[in-house]
Structures are given as structure tokens and as C-alpha cells.
Amino acid sequence: MKRINQLSIHVINQIAAGEVIERPSSVVKELVENSVDAGATKIEVSISNECRDIRIADNGSGIHPDDIELAFSKHATSKISNENDLWNIHTLGFRGEALASIISIAKVTCTTRTKEFEYGTRVESQNSVVKKSQTGCAIGTIMEVKDLFFNQPVRLKFLKSAKTEFAYIQELMQSIALSHPEVAFVLKNNGNNIISTGQNSDLLTRINEIYSSSFVEFLRPIEKTDELSKLKITGYTSTPAYTRSSKKAIYTFINSRMVKCPILLKAIDLAYKNMLPHGKYPFVVLNLEIPTSDVDVNAHPTKREVRYKNPNQIFNFLYSAIDLALSNRTYSTDKETENINILPFTQTSKESDNAVYITEKNDTATINTERYSAPQIFPVKESQSPVPQKSFKIELEPQTEDSRDYNIIGQYYNTYILIETKAGLEIVDQHIADERYIYEKLKSNKNNASQLLLISDILNLETSEVELLMQAKDKLMSFGYQIEKISATQIIFRKVPQIIAHIKPVDIVAELLVNIKGNLDSLEEKILITTSCKAAVKAGEHLNLWQMEELIKNWKKTKHPYTCPHGRPISKTLSNKEVAAFFNRNA
Ligand code: ADP
Ligand code: MG
């Protein structure tokens, strides 16, 4: 072993840079966050030279000329000063590492001016050494990073194509822009404007600025406050009628800081359980406001992971807020009407994570229009949530019936019901709508009524199938089924739930076995799905007006009227605008 020697500051900084600056987007993240922390209301990011030249200009506070050398040295920050401050962090940065790291792996020029000075300061750095001079410039800061990783051949080799690296930067900027609607952002690539937003936007306007495709009609506002624990969640979430093919558009922020938040993701997952087809994801932007003393943002060098003092409480709070926004009901307490209104997302400061959703390749949006041709049964996993679902039950009140604001036009193809609504022409899949209603009804009713079968055939099955059904016997009984084993390969149905008394037991068993798929996980859900599917009116079944009225009335009352328990869409609205535009009329 050689003798020990002390590393130079330059090398120490390069080692530290390895943790924080992984790729060009990491530089953008650190610098844009500094601009946000400096109170900037305008931030312009310009990328060139295959993402190795990065220029960030802001109109923030600027840096005092006497502080500049400190700003570029390690563990120097204006954001915290003692250990207590670590539990009271209101800025995105606080570790005082980013600038020191960046100047050790790139050539950096900083031009900055604070409002107290008539002149600005220009600092040039190379190999961690900074040179300072006076200059004329506007209040704010311009950071120019050139030749990123010029002295890091290995890092350089591991960079992806300029196009991919820019895609990371763009995703990061979208996320920052969504977490700070109060700031105007511009992102340029080789001189071309890629993102350009206004200032003082509310969140909905910001979503529109970032995603040009208009899907606002599919967004539901989320707003919930817990006064006692000082938690507040705000944002938007898409109804299941709109899906995306990747998780990229699930944005989660904590105190406006971009973070990987498994608890938030889990709450979203659970709220959408059984509502989205496999491989489809919602569009979500959520910001959780939580007292800074209840969350540790210092769990990871890039600050993308956080720890909570009370994760279970937070999970409950988040889940119930999302579930309520997705449900078709309103709060029964009259003071709580806020979640119906579209609320602006106004808040200041905080941070990002450029690596969260980056592994997804393509992200395409789908507005569910077509009826799926073949039923798809999606495996329903038991929830792994750390809390029992009961604990976040909220008292709900059905919408009043006289608020009826639709008119049934008729049936199409003996499969769809056509409805005139204020918004346009709604096409409802009769089978799936009815199935959703029955599913929810069965789920909420324990002791479902059963019908005694006076005449019932003996069903011949495989031994393993008989075994499986016998193991499920008690659960089946609670839904109104009574089965008996006649022999190792034979069973007989004595009773079935009343609502499916007209279905042949042999068909029920076949469907049940398909859904159970050889194991008894989530048995209750599988029985529910089988029963509601069997009980619902079929596609191709002629309905008279009265039957349609009943079916639609019941369906409109459901908690989740958008998708069936398998995740298929239930209805599609052709908006008045769409129809008028097709016929060249002014809507
Ligand atoms: P941190 O953000 O963790 O404090 P940085 O190395 O990113 O550490 O920045 C060091 C300091 O430089 C900051 O604390 C801040 O005072 C100053 N600074 C950096 N960028 C800016 C900016 N754009 N405007 C004003 N001050 C800045
Ligand atoms: Mg910083």
C-alpha cells in the first residue's frame, strides 16, 4: 500500500461532481434550481454544442460581488447556516455543492449583478480556479457552462446521443415548469424555442402551455387540506377516459420540489386500481405541501428522495384526495365544495429529479374512443398498501336525481346507448355501463340476495377445479353462491346471486374459473368481476327506452363511471364543438 496523500480541492470537487452531475440535464437542474431559489420570475435556458454548452439567464437576486468566490467553493451556501436549518428548508438547494462541482468539470463564466450595485461582476473559472472582473449587466445572473465533461473522458463516453440528452433536459424543464407556474420559462435548443411559458400562470394554464394537445376536459382538480397535520395536496389528475402509454406524465412534487415519492405513486396507483387497462397510465400533476419539519430532503445527494416522519398518515391523506377527485360524487358537507372548482396552483420555490421517468421510451396519449372488441381480464393484485382501505372511507352522497341533464336518444347497433348531454353526444357501451353499476352495487352490499335453484345440472370439472371452487366456497357464499361437491370431479349449484339467476351455472363456472386463473389471490374481486360481467346486459341485446333509462340512471350514479372493472372505457362524448366543426358550423 502506498502512503496516504491529501487530494487537491479540484479532485475532491470532481469526485463530488460524480454524485450530482451525471449528465447535461443534471447541470440544467442545479442551475435552474439556483435561479428559482434566487427568486427569479424569468428563466431562460439555452442548449447547444450537443448539450455540452448550457446557458442559463435569470432575473433573480444576483450574487454579491464579495460572495462570488464563496459561491463557487464547496459547502458554501446562502441558504442554510446551522444544523437546525436542515429541518427548515424552503429552498431547492442547501448543500452548497453544485457550483463547485460544475466548475471542476466544465468551463464556467458567471455574470451577475444585485440591485444594490450599478455594475455587475464577471467570473471565469477553469480547473476550479476563478478570475473576477467588473462588467455592465442587468440585475440577475447568467451562468454559461461550456465543454461539459471536457476533462472527464469516461463520463463523456457514457453520454447518449445529443437528441436523447436533450430529451432528458426537456422532460426536466417540463417538470420544473409544472412545479413553478409562477415563473416564466424558456427552453431553447440550438436557437429554437422548445418551451416558452408565461408568468403567473395557474397550474391549468401551465399544463396547457406545456402540453399543446388539449386534454383539459379530462382533468379533475385535486385540492384537500388537513388542518391538523398541516398537509395540503393540490393538482390535477386525468379521468380514466384519457390515458398515456408511460408514467412520464405523472408529476409528483413535495413543497414544489421534484421528488421520487413512492408514497404518492402508490396512492395514485391504488386510486386508479381497476380503472385503467394494463400498461396505461394517467396524467397527474400533484404537489404535496407538508411542514418542512416533517420531511427530510437531505436523504440523497441529488435530493430526489425524501423521508417522512409519518408515512402512513400521508398515504391515507393522498389516497383519499385522489380517489375523491376521480369519483363521481361530491362531499356531503356543504362547506367542502372546493374540489369541484378549478383551483389555481400558486406557490413558491423548490426542486427536481431528472431521472424519475426517464427510462420510459415512448409516451403516447390515448383518449379512449373505441370499444374493445374482446373482453380483457386484467389480473387484479391485492393492494399492498400499508393501511387498511377502510380507514380512508369518506361519507359520500349520491347526486340528486332531479339534476338530470341528459336525454336518451336511442340505441345503436343494439350495443350502445346514445345520449344528448350539454357537452355533446355521449355514446355509452350498455354492457360495460351496466357491469360497472352492478359491480359497485355488489361491492357495497354484503349479504347479496340469492336464488335457490330448484333444478340444477351437475357440472363435470377437473379435480383441481373442484378443489379450487371448494376452497373458494365460503367467499362465494358471501356473494350469494352456494355450491356443493358431489364427487372429486363434480359440483352442483344450489343457489346463485339473484341478479344472475337467469344465467346457466355452467356459464358462471366457466367464467369464474377463467377469472380465478388457478389461484385464489384477490378472490373477492374476481367473484365480483365475474358476477357483474355475467349479470350485466349484453352487447347486441335490444333494450326498450325504459330499460335504457334505468340502465343510464343507475350508471350515472356510480362512483367511477368511466371504466369497467377490467379497465375498458364506458363512454365517449363527441363534443358539440367537434360535431359543429365537422359540419363547418359555428358551435
Ligand atoms: P446551493 O444551491 O446548495 O446553495 P450552489 O453551489 O448551487 O449551492 O450555489 C451556491 C450559492 O451561490 C447559493 O447558495 C447562492 O447564494 C449562489 N447562487 C448560485 N446561483 C445563483 C443565482 N442564479 N442567483 C443568485 N445566487 C446564486
Ligand atoms: Mg444549488
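Mentor: Before we start, one convention: helices (H or I, at least four residues) and strands (E, at least two) are DSSP runs, numbered from the N terminus. Also keep in mind that this is a predicted model.

Trainee: Fine. Let's try a residue, then. Where is the place of Asp67?

Mentor: Asp67 belongs to the loop that links strand E2 (53-58) to helix H3 (68-71).

Trainee: And why does Asp67 count as partly exposed?

Mentor: Buried means under 20% relative accessible area and exposed means over 50%, with partly exposed in between. Asp67 has a relative accessibility of 37%, so it counts as partly exposed. As for its surroundings, Ser78 is 11 residues away in sequence, and the two C-alpha atoms are 9.3 Å apart.

Trainee: On to the ligand. Which residues come nearest to ligand 1?

Mentor: There are 20 residues around ligand 1, and Asn34, Thr77, Ser78, Lys79 and Gly96 come nearest. So you meet Ser78 again here.

Trainee: What polar atoms of Asp58, and then of Lys79 and Gly96, lie by ligand 1?

Mentor: Check which part of the residue takes part. With Asp58, a polar side-chain atom lies 2.9 Å from a nitrogen atom of the ligand. With Lys79, a polar side-chain atom is 2.6 Å from an oxygen atom of ligand 1. Gly96 uses its backbone: an N or O atom there lies 2.7 Å from a ligand oxygen atom. As for cover, ligand 1 taken alone exposes 530 Å², and the protein buries 92% of that. Two elements give two or more residues to the shell, namely helix H2 (24-37) and helix H4 (98-103).

Trainee: How many residues of each class does the shell around ligand 1 have?

Mentor: The shell has 9 polar residues, 7 nonpolar ones and 4 charged ones.

Trainee: Thr91 caught my eye too. Is Thr91 buried or exposed?

Mentor: The cut-off for buried is under 20%. Thr91 has a relative accessible area of 18%, so it is buried. Thr91 sits in the loop between H3 and H4, and its side chain reaches the backbone oxygen of Gly93 at 2.7 Å.

Trainee: Now sheets. How do I read one?

Mentor: Start with the pairing: strands of a sheet pair through backbone hydrogen bonds, either parallel or antiparallel. Then write down the order. One open sheet here has 5 strands in the order E9-E10-E14-E12-E13, with mixed pairing. Its edge strands, each pairing on one side only, are strand E9 (219-226) and strand E13 (257-258).

Trainee: Which strands run parallel to E14, and which antiparallel?

Mentor: Strand E12 (residues 250-254) runs parallel to strand E14 (residues 284-289), joined by 5 bridges. Strand E10 (residues 231-238) runs antiparallel to E14, with 6 bridges between them. You can check the register residue by residue. On the E12 side, Thr252 has Leu286 as its bridge partner in E14, and Tyr251 stands opposite Val285. On the E10 side, Thr237 is the bridge partner of Val284.

Trainee: How many residues of E14 are buried?

Mentor: 5 of the 6 residues in E14 are buried, so the strand is mostly covered.

Trainee: What is the order in the open sheet of 4 strands?

Mentor: The order is E20-E21-E22-E27, and the pairing is antiparallel. Strand E20 (406-412) and strand E27 (571-575) are the edge strands, each pairing on one side only. Neighbouring strands in this sheet are turned by 25° against each other on average, direction ignored. E20 pairs with strand E21 (residues 416-421) over 6 bridges in the antiparallel sense, and Gln411 stands opposite Ile417 in E21.

Trainee: Last one: backbone angles. What should I look for?

Mentor: Most residues other than glycine have a negative phi. Positive values outside glycine are therefore worth picking out. Ser128 has a phi near 70°, and this serine lies in the loop between strand E4 (120-126) and strand E5 (129-135).

Trainee: What is the phi of Asp147, and where is the residue found?

Mentor: The phi of Asp147 is about 50°, positive although the residue is not a glycine. Asp147 is in the loop between strand E6 (140-146) and helix H5 (153-158). Its relative accessible area is 25%, so Asp147 is partly exposed.

Definitions and conventions:
Residues numbered from 1 in each chain as written. Chains lettered and ligands numbered in written order. Predicted model: local features only at pLDDT ≥ 70, side-chain atom pairs only at ≥ 80, totals over all residues. Heavy atoms only, no water. Buried < 20%, exposed > 50% of the residue type's maximum accessible area, 1.4 Å probe, protein only. Near = heavy atom within 4 Å. Polar contact = N/O pair within 3.5 Å; in protein donor to acceptor, adjacent residues only side chain to side chain. Areas by Shrake-Rupley, 256 points an atom, 1.4 Å probe, with all protein chains shown as cover. Nonpolar A, V, L, I, M, F, W, Y, C, P; charged D, E, K, R; others polar. Pairing = 2+ DSSP bridges. Axes fitted to C-alpha atoms, helices over the stretch in contact; angles between N-to-C directions.
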